[in-house]
Each structure stands twice: as structure tokens, then as C-alpha cells.
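This report covers the enclosed spaces in the structure shown below, and then the contact between its chains.

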Amino acid sequence: MDPLILLYAVVNGLLLGGIYGGIALGLSLIFGVLRVINFAHGSFLMVAMYASWGLWAAFGWHPYASVVVTVPFLYLLGYFTQSVVIAPLIRRESTLVVEPLGALLLTTGLYLVLDNLVLMGFGPDVRSANVEFASGSLLVAGLPVNIPRLIGCAAGVLVAAALWWALRHTDSGRAIRATAQNREAAALSGVDIQRVYNHTFGIGAAILGLFGALLTPFLSLTPTVGQMFGVKSFLVVVLGGIGSIPGSILGGLLLGVFESVASQYVTATSAAIFSFGLFIAVLLFRPNGLLGRKI
Amino acid sequence: MSTSRRSITAVLGLPLLAIALVLPFFVQEAYLLHSLTMILYFAYMASAWNFVCGYVGQLSLGHAVFAGLAGYATVLLYTQLGWSPWFGMLAGGLLAAILAVILGYPNFKLRGPYFTLTTIAFAEIVRIWLENTDEFMGIPLKGAQGLVVPPSDLGWQVFQFEGKVPYYYIALAMLVIMLLATVVLERSRLGYYLKAVRGDPNGAAALGVNGTRCSLTALAISAFMTGLGGAFYAQFFRYINPERNLGMEFSIDTALMAIVGGQGTVLGPVLGALLLHPIAEITRAWFGGRFPGLHLVIYGAILMVAVLYFPKGVIAPLQQWLTRRGLRKPDPAPAIDVQEVRP
């Protein structure tokens, strides 16, 4: 293998990996605090992408400008998902026998509803937003670097750093961490658990609002576009350790490079098989992930 | 014994069976018979899923792999080696059971969402591989295109019949066998062990119940039965492909029916299929291809409502209603109130 091609694959993998890591942040955060696996994670991203695409198609907004709409929109979507759909289950579970699969089933139902509503509304056609601004590639040391991917990767690292900082140094961040560590003790200390849960779910979804807008310039949209990212997000958080913020980025980078380099040697579909194989291997042999559980 | 005669399975199941037995005499239209057969098929598949997942309390969304594998085996044994599909069916079922034990052994160490995600990953690996493999060791798999069962002289030997009625009764017979197996499971030592594992895995282990072995036994039987169903599907449609027979949609559909109906009960999955599958048929008949995902939107909404308001499935309120009407004996009171023991 030509070392230059390999280097190119690694760089491309790192760029894609940063995006994977950023997308997985919300899944990791929500699980870390609520112990809920959000099966509709990919669907949220898909909804954000369609919102961003819709603003471009209807008003000619650049997808990057649409973040002013998609981020608050997704925050509200996450907030209401938690407060309307999941909260009744958590209230029931806190008094009765815990059924951890209940939340998984609820979000599976939500995934079916969201994906198929979009399928009904927009049909199965492939759509894409053609924009000039910030497209194309830069040449860095002779290697072409795709600009939208570079922006996505940078956003992943920045959002992770901001989230990490906010969880440690802001009041609501401390409330979130306290709730994650011990729900009852946090409640006794005056933390409004339900509000923290709603807020956490909102933040987790809002991050997807940002990435939906960042993906739209270079990725075609179909109603099932979220599924692939949803599955990869599970893989990323399992790799990096579920509930860990730096682990999410590390897991994303690992997956990105793994995929990108593997697809140099085998076909892209076989690379997808290897990704699933990696997922199973990590779950079976290192279920706490490479960085363990921490928030 | 009067308990067995008045259990919900008998009170509800026997009239349903009687209706199912005579229905083809009144329904002649091929489309309706096809839909009814599909309801029986889904009731069977949901019951097969329920056999392990409903009793062990683990959520598998990868059962499609068993159905698809056995379906492919049946079709290939027939087209390549000339085996009768009946033998192919059994061979495919056994293959599925062997695969289930191999996959289940490491997998049952995981619990909750981890277990579920791993079942999805296994099934997706097989589906993606099949979709992109035209030939494997000289066996023509034809990738995403799928396999066609070549038409031949009709008859029992080749599992091909004129009209839908024979398929209907085969599906009904399979469903009855599946339900009888579930009734036997409920009263067997294995069934009690599984319930113990479901309630408290550590407690069960402390009392000497080998949870993994019990779960694996149930999974092997469930996979075998699911395999038979997959083979039936291939013969019924005379066609099999990775997307329809191995895709996640199938796995979700069957799991959903069992959960909405009432997992861990004999008749719950049947009720789920009776409730949900007609929605798919009706939306398809009314709206045609205009709203391709409509029935899944409704499925998803029903699943959410069921998880929140009928966590034990729609069979639970039905059970209470029958008890109130005096048609069924009330459940024996538990020896200890579970809630009181919990801190």
C-alpha cells in the first residue's frame, strides 16, 4: 500500500471520526445521566438534517446558518421526548421493579414513528443541498482535506471540550453530574431531578441539531440516513466507554480511522461488517469500553 | 384439573382456534386468505420469539437471522440437492438452533440494552454479508436479489399448492404446535427456572439455577421454531431475500407484537399479531403505496402507548376482565408481597 494513500486514509478517518464522536456525545451523556439508551438517536439527527435541508430548499439558507433554528428545535424535541414520553416510565420505575428495557422499547417506538413520518412526508427520494460556501478541499502538505468535514471534526472536539467544561464548572453541569452519580442524594440536596433529566435530554439532542446542519452540505439525505449514524454512535460510545465525554471523541476517532483504513483493503460493505464485529468484540471482552465509565 | 380448563389460554384460545379452523370455509377471496395466513405466520413468529425473550426477559432484535438462515437453507437444499422442503425445513431449523447456541453462549453474559445491541449487530453482519455475496463456496446466493423457489408439480412432496388454503392450515398447525410447546414450557422445570432468572438472575444462580444453560436451551428451541417459520415464509412466497427475511424490520415487527400482546404469556403474542398485523394490511389496502411508512408510524405509537400503559401487554386487562366476569379463576395470591420485601 502506498504510504501516501494510507496517510490520506488516516487523515480522512480522523476527520470523519471527530464527527462520529461529536454525534455520539448526546447518546453518551443521556445514558450517563438517565441510564436510558436512546434508540431514536439517529432519528433525531435525521430530523435535524431534514430541518436544515428544508431551510435551504425553502429560503435558500446555508445549512451552517440553519443552526440558529436546528439547535433550539432539537433541544425542544429532546426536552419534550424526555418530559412527555420517558418521564412517566422513570416515575413508575422509581417506585416499582426496574425494567431497563422499557426505555429502550419506548425510544424504539419513537424511532419507528420519526423515521416513517419523514418517509411519509418526503418519500424515499435522495435529497442534497448544493452550496458553494465552505465546500471543496484544502491542500495541507500535499494532502487534500475536505473543508466541511474539517469543520465537522473541529466542531466535534470543541463541543466535547465545552460540554466537559460546562459539566464541571457551571451550576446546571454540577446538578447533572450529581444526578448521574446518585439520583436520591441529589434530590435530597435540592436538585430538581425531573428538570435535570429534561435539560440533559435537551442538550443531548441539541448537539445533534448542530451536527445535522454540519452534515447537510456534504451528505445526501434519505429518511434512513440516521440509522447508520445511530448504530455507529452505539459503537462509538461502547468503544470509548459509555458515559465518558473524552471517550466519545476517542471512540469516534478510532472508529473513523478503522473504517477508513479498512476500506482501503476491503470493500466498504465488508468494512461495515468489520465495524459490527469490532462492536461485538468490545462488548464481549471490554464491556466498560476503553476508558471505562465516568462523567 | 379445573385450573387448566379455566386458564385464560383455554378460555380465549379454544374459541379462537375454533374460529380459525372454520374461517377458510367462509373466506374464499385469495387476498383475504393471504392476509389471514400472514396473521397466523406473525402470531407464530411472535410466539417463537416469546419462547425465549418473553420468559428470560431479554430483548432480542436479531431473530431475523434464524428465520433467514433456515429459509435460505430450505430453498438451497431444494434447488441444489433436490431435498423436499419439509426436510429442508427441519435441517434449516436445526442449523438455526446450532447457530443460536454458538451466538447465545457469549451473548447471554450481557444484559439489557447490551444484549439487544449485540443481537442486532449479529443479524446485521449476516444480512450485509448475504446482500453482497453472489456465490459462496460454489453455492449461488445471488446477493441482494434473493432466491426464487422454482415452480414444479404441485403437491405435499414439494410444499407447493394450488390456492392459499393448504398454506393457511399449515401455518395454523405450526401456531398450535408452538402454543402447545409454550404451555408445556410454562409448567416445566425449565419454565420455572427461566422465570426465576428473569426475576432475579443472582438469586436464581445462588439457588443453583444455571441461568445461561436454561436460556440457551430456550433460545435453541426458539431459534429452531423461528427457522421453521422462515422456511414456511420462503415456500409461501416462493421467494426469499436478505432485506425482507433477514432485515431488522422483521425482527422489530415480531418482537413488537409479542411485547404489545403480552410477553411471557401463552396467548399474548397471538393477540399482538391479531391487533397489529391487520393495521399493516389495511393501510396497504387503503392507501396503497402513497404512504409507505404509515403502518410503522402506527406500530411505533402503539408500542409507546403499550410500554407506558400496558407494560404487561394487552392480555393483562383482558385477563382481569375475564376474571371479573367469573370466566376465569383469579391468580393465586403470591406468598409474599414483593413490594414489602424491597427496601
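## Cavities and interface

In this predicted model, four helices of chain B, namely α3 (30-56), α4 (64-81), α5 (85-107) and α6 (112-131), each supply at least two residues of the lining of the largest cavity. The helix that gives the most to this lining is α5(B), with four residues. The volume of the largest cavity is about 140 Å³. Its lining comprises 18 residues, and the closest to the cavity centre are Ser60(B), Phe66(B), Asn107(B), Thr119(B) and Leu219(B). Sorted by class, the lining of the largest cavity has eleven nonpolar and seven polar residues, and no charged residues.

In total, the structure holds two cavities of 30 Å³ or more. The second largest cavity has a volume of about 40 Å³. Residues of both chains line this second cavity: Leu105(A) and Thr108(A) from chain A, and Leu61(B), Ile252(B), Ala255(B), Leu256(B), Ile259(B) and Leu303(B) from chain B. Two helices, α4 of chain A and α12 (248-261) of chain B, each supply at least two residues of that lining. The largest share, four residues, comes from α12(B).

The table sets out the two cavities.

| Cavity | Volume | Lining by class | Helix giving the most |
|---|---|---|---|
| Largest cavity | about 140 Å³ | eleven nonpolar, seven polar, no charged residues | α5(B), four residues |
| Second largest cavity | about 40 Å³ | seven nonpolar, one polar, no charged residues | α12(B), four residues |

The next topic is the contact between the chains. The size of an interface is often given as the accessible area lost when the parts come together. Between chain A and chain B, the buried area is about 3500 Å², and carbon and sulfur atoms give 84% of it. Which helices of chain A each supply at least two residues of the side that touches chain B? They are α3 (67-95), α4 (101-122) and α11 (268-285) of chain A. Of these residues, the largest share, 15 residues, comes from α4(A). By class, the side of chain A that touches chain B divides into 29 nonpolar, six polar and three charged residues.

Chain A brings 38 residues to the contact, and chain B brings 40 residues. How many salt bridges are counted between chain A and chain B? The count is zero. The count of residue pairs in polar contact between chain A and chain B, with both residues at pLDDT 80 or more, is also zero.

Key
Residues are numbered from 1 along each chain as its sequence is written. Chains are lettered from A and ligands numbered from 1 in the order in which they are written. This is a predicted model: local features need pLDDT of at least 70, side-chain atom pairs count only at pLDDT 80 or more; totals for chains, interfaces and linings use all residues. Side-chain values use heavy atoms; hydrogens and water are left out. Contact means heavy atoms within 4.5 Å. Buried area is the accessible area (1.4 Å probe) that two parts lose on being put together, summed over both. A salt bridge is a side-chain nitrogen of Lys or Arg within 4 Å of a carboxyl oxygen of Asp or Glu. A polar contact is a pair of N or O atoms within 3.5 Å; within protein, one must be able to donate a hydrogen and the other to accept it, and residues adjacent in sequence count only if both atoms are side-chain atoms. Ala, Val, Leu, Ile, Met, Phe, Trp, Tyr, Cys and Pro count as nonpolar, Asp, Glu, Lys and Arg as charged, and the others, Gly among them, as polar. On a 1 Å grid over the protein atoms alone, a cavity is a set of points where a 1.4 Å probe fits but cannot get out, and a pocket is an open set with protein on both sides within 12 Å along at least five of seven lines; lining residues have an atom within 4 Å of a point. Grid points are joined across faces, edges and corners, and a volume is the space filled by probe spheres set on the points.
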